[in-house]
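Me: Please examine one part of this model closely: the largest nonpolar core and the residues around it. A connected account in formal terms would be appreciated.

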Amino acid sequence: MPAARRSSPAERRRSTSADLDTLADAVTRLRRALRRVVRSDVPFETLSMAQIEVMQLLAERPGLRAGEVGEALLLAPTTVSTLVGALLSQELIERQADPADRRAWRLLLTDDGEDRLADWQQSNRRVMRDAATQLSADDLHALRAAVPALTKLVTHLDSGRDADG
């Protein structure tokens, strides 16, 4: 029986790179599909994904200034201003004076904003659970096993972006 051929470091790097390219594509397609199905699941939802992302950020980090929202989401000041204005007009977020600088405003979710975001998140969970019923036990096990690594990947991506900013 011939000895198993060991791959070279360059071959392993190419293989890993191809795997990561495939992962990036799959995550992009998953996000797009999830967004599309949730929109059909909650047809009355009029918030844009950018507005949802601002609300998610404010849920995670309440009291950010508009500039900090822009830095965290890599958005231009005019874009942040438009998003914040729309969320304020729908009373999904509110501004409170910054106690450290009375000229500045801190942004917070309102109770309605928290409820709306919770509805969006619940719809995402429901759509994922429904889709998961079509997967095999092995596929479900593989997804569960991947969650810790994906969570670490998100942390590394976020910390790398924070270090660059």
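**The largest nonpolar core and its surroundings**

Reply: In this predicted model, Gly 113 has 0% relative accessibility and therefore counts as buried, the cut-off being under 20%. Gly 113 belongs to helix α5. With neighbours within four places in sequence set aside, the contacts of Gly 113 are Met 55, Glu 91 and Leu 92. A further spatial relation links Gly 113 to Ile 52: the two are 61 residues apart in sequence, and their C-alpha atoms are 9.9 Å apart.

Met 55, one of the contacts of Gly 113, leads to the core itself. The largest nonpolar core comprises 23 residues, and Met 55, Leu 58, Val 69, Leu 87 and Ile 93 have the most contacts inside it. At least two residues of this core come from each of α1 (9-41), α2 (49-60), α3 (66-73), α4 (77-89), β2 (101-109) and α5 (111-132). Helix α2 supplies the largest share, 5 residues. In soluble globular proteins, nonpolar side chains tend to be buried together.

Leu 87 merits separate attention. Apart from neighbours within four places in sequence, Leu 87 is in contact with Leu 47, Gln 51, Val 54, Met 55, Leu 92 and Ile 93. Met 55 and Leu 92 are also among the contacts of Gly 113.

The surface offers a further nonpolar feature. Leu 20, Leu 23, Val 27, Leu 150, Leu 153 and Leu 157 make a nonpolar surface patch of about 480 Å². Two or more residues of this patch come from each of α1 and α6 (137-164). Leu 20, for its part, lies in helix α1, an element that also supplies at least two residues of the core.

Notes:
Residues numbered from 1 in each chain as written. Predicted model: local features only at pLDDT ≥ 70, side-chain atom pairs only at ≥ 80, totals over all residues. Heavy atoms only, no water. Core = buried A, V, L, I, M, F, W, Y, C linked by side-chain atoms within 4.5 Å. Buried < 20%, exposed > 50% of the residue type's maximum accessible area, 1.4 Å probe, protein only. Helix = DSSP H or I, 4+ residues; strand = E, 2+ residues; numbered from the N terminus. Contact = heavy atoms within 4.5 Å. Patch = residues over 30% accessible without salt bridge, like charges linked within 9 Å, V, L, I, M, F, W, Y side chains within 5 Å. Areas by Shrake-Rupley, 256 points an atom, 1.4 Å probe, with all protein chains shown as cover. Salt bridge = Lys/Arg side-chain N within 4 Å of Asp/Glu carboxyl O.
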